[in-house]
Amino acid sequence: MKRITTTAAFLCLCMLLIAQDLQLRGRIVSGKEPVEFANVILQTKDSIFISGGITDQRGRFNMNNLQKGNYQLRISGLGYQTQQINLNDFTATLDLGSISIDSAAIALEEVTITANPVINQPDRKIILPSARQLKTSTNGLSLLQRLQLSRIQVDLIRQTITSSNQGDVQLRINGAKVEIQEILALQPEDVIRIEYHDEPGLRYGDNAAAVIDYIVRRHQTGGYVGFDTSTSVNTLLGNNNATAKINHKNSEWGINYHEGYRSFKNYWRENSETFHFSDKPSFTRLEDGVPDKMKMRWDYLTMNYSYQEAEKWFVSVALRGSFRYNKLNTQSTLYPIDNPDNSVAMKDHTASDSKSPSIDIYLQRNLKNNQAIILNTVGTYIHTYDDRTYEEKKHSILATDIYSAIRGKKYSFIGEGIYEKKFTNSKLSAGIRHQQSLTENKYAGTSSAETRMQEAHTSTYIEYSSKIKRFNYSVGVQGSRSWFNQEGEGYQKYSVLPRIRLTYNFSDQAFIRYQGQISRSTPALSDLSNVEQLIDSLQIRRGNPTLKMSTVYNNTLNVDFRKGLFSSSLYLLYQYQHKPNMEETFREGELFVRTTANQRSWQKLNPEIEIKVGPIKDILSLSISTGINYFDSRGHNYHHTYTNWYYCASATAAYKKWSAYFEIRNHRNDFYGETLSYGENYHLLSVSYRYKQLNVGVMSLNPFGSNYRIGSENFSPLAPSKNWMYIKESSRVFALTLSWNFSFGRKYESAERRLHNEDNNAGTLKSGK
């Protein structure tokens, strides 16, 4: 405690120092006309990236928070000759005034893109969107789709972003972690660049597969109003997003509302389950589903205020609210495979509702000599409501009747502090993070119970990265304490976890990188609960309070090459988990219990190659990726291996005010414990037209398919099963899209908020299949 108090006092003292950062600004013109969307890059004499972005509608750029030194300013744009300006002895804020660049004197067919749209850094890739990509995008999500980042999958209809890597994709705006709804509220013209961390450092946590950071401008006066919608014409499916921002001097007020809904009338299940008893013959039963209804709705509201003072102070307060509702009606016929006449009518109805308000207070102080201190606190309340009714009837006589009602409350607090210092060729980062939560769940119905779970995680890290000629390295270590208690049962674990990243740059266009790290995987709260829920007449799902943390060893190798319009990437992942929290099935009398336990090991080997070509004449871009997933899952009573080949291909086209996109992918499957989860097999086509600030278009999901399904298969020797879920309306979905925005006022680059924490894990044990 004394050490933490001393550290806090030191941080507060540092924040009182006065920063003296320099600025560089100017205006790019060709003749008398401003050049918008020109790439402006500031780098050192040995080509180390310092800052960069694109010019606004008036050709202006503004770089802040710079230090004294000798630099090169590189200006380029499609159809213009690249110009380089040497800035020797840069010691004071400098206004370069109007900088004139000449149009390229050669024909379009012979134009060579000399300005690389992707700048490789030791810890990230800096992507500079082209003017065409910005003008044909409607929001931050569609812009990301057009950029076609390696190992990143963008789904415009479901509005999701996923990664081929293990873990979640963190989305950020100016360094601040945000939700997908806030990315949908972004105006593409405000995006200066995107920083893509495909191998995130320690400061981003253990579960970050990738970090995508949008660096955007901020209005100085005036504001922005925008609306984005996509609505299906042949089924009840839609997404709506509205946002508004008002700026005055150093203050900004903002509000964003997102609504999404799905309503299907043709949802059903087809299952096959086999049960091996100890004292009687085994039998297999089939489930034939009857089309029924599925409804989903979610609302997301954010209200925020921020204050920014000359790149020195940045303070932000945000109030967020997340509201979700799901209802699923399933009707089926259950019968033994060897006696179809001995059937029962089954109903499985579930409804869930969750509300999650939170408050987020953020403070960033930029100090002199490229130093920064960031503090962030988040308080969250999660209220969950889950109901399930399960019935089996034979000749109208009720044979099985299961009712489950779960009411959950979770209170959590997250506090984090980070110190960063940048040197000429190196960077030092250190931080501390603490999360405390209390979860109270009440289970009523056929089975009743109450749980009270307390959880605390504290971690501190230090990471140093540097460069020696063409060789870059990063070393770091994380110390952590994890604690869990439920009625006297639980665990306490202290860990010291190293990480190393090594990169060798053959040139500006090619590099090879290795990253190795050790991390901990914490059991899910829902698995730790000491309750059980009936699944059906033969199966039970049970929590396990004795679960312990597992150790994860992660190794990746990445080779990247770019030449002109051609780029390729080779990625190799090997992951090993020691004593992972994986499923286990055993018999208790005539019932089969599904639970989770610390098993022996789990391994994954994943080679993947990606090839991209484009943009060809700034019109057409092509991408194809393919890979293999190999899994080895070892439990105390089972051992399974599985291999899956997958591919994804896409094409993006843009001509004048028209743009089009097509993507096709096959099943990318996942295997963990004893369950094989089948990925989606789908294709997507979209066409849009832009007129000034209005963009209209049409999207179609699976336009050439007649059926849509996802499923899983369990390989338990006692109770194997195979399950498929069908949604007829998810085939040949046609949706109209419309985007309109209006902005006013001058712009400049925002301060980079670098932290955002959020808790969305309710910790309830579900009872359904």
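Here are a few questions and answers on charged side chains in this predicted model.

The model is predicted, so local features need pLDDT of at least 70 and side-chain atom pairs count only at pLDDT 80 or more, while totals for chains, interfaces and linings use all residues. Residues are numbered from 1 along each chain as its sequence is written, and side-chain values use heavy atoms, with hydrogens and water left out.

Reader: How many salt bridges does a search of the whole structure find?
Author: Happy to start there! Side chains of opposite charge can pair when their charged atoms come close. A salt bridge here is a side-chain nitrogen of Lys or Arg within 4 Å of a carboxyl oxygen of Asp or Glu. With that cut-off, the search of the whole structure gives 27.

Reader: Which residue forms a salt bridge with R297?
Author: The closest N and O atoms of this pair are 2.9 Å apart. The pair links distant parts of the chain, 38 residues apart, with R297 in strand 21 and its partner in strand 19 (residues 251-275); strands are DSSP runs of E, at least two residues, numbered from the N terminus. The partner is E259.

Reader: Is D360, which meets R320 in a salt bridge, buried or exposed?
Author: Good one to check on the structure! Buried means under 20% relative accessible area, exposed over 50%, and partly exposed in between (1.4 Å probe, protein chains only). R320 has 8% relative accessibility and therefore counts as buried. D360 has a relative accessible area of 0%, so D360 is buried.

Note on methods: Helix = DSSP H or I, 4+ residues; strand = E, 2+ residues; numbered from the N terminus.
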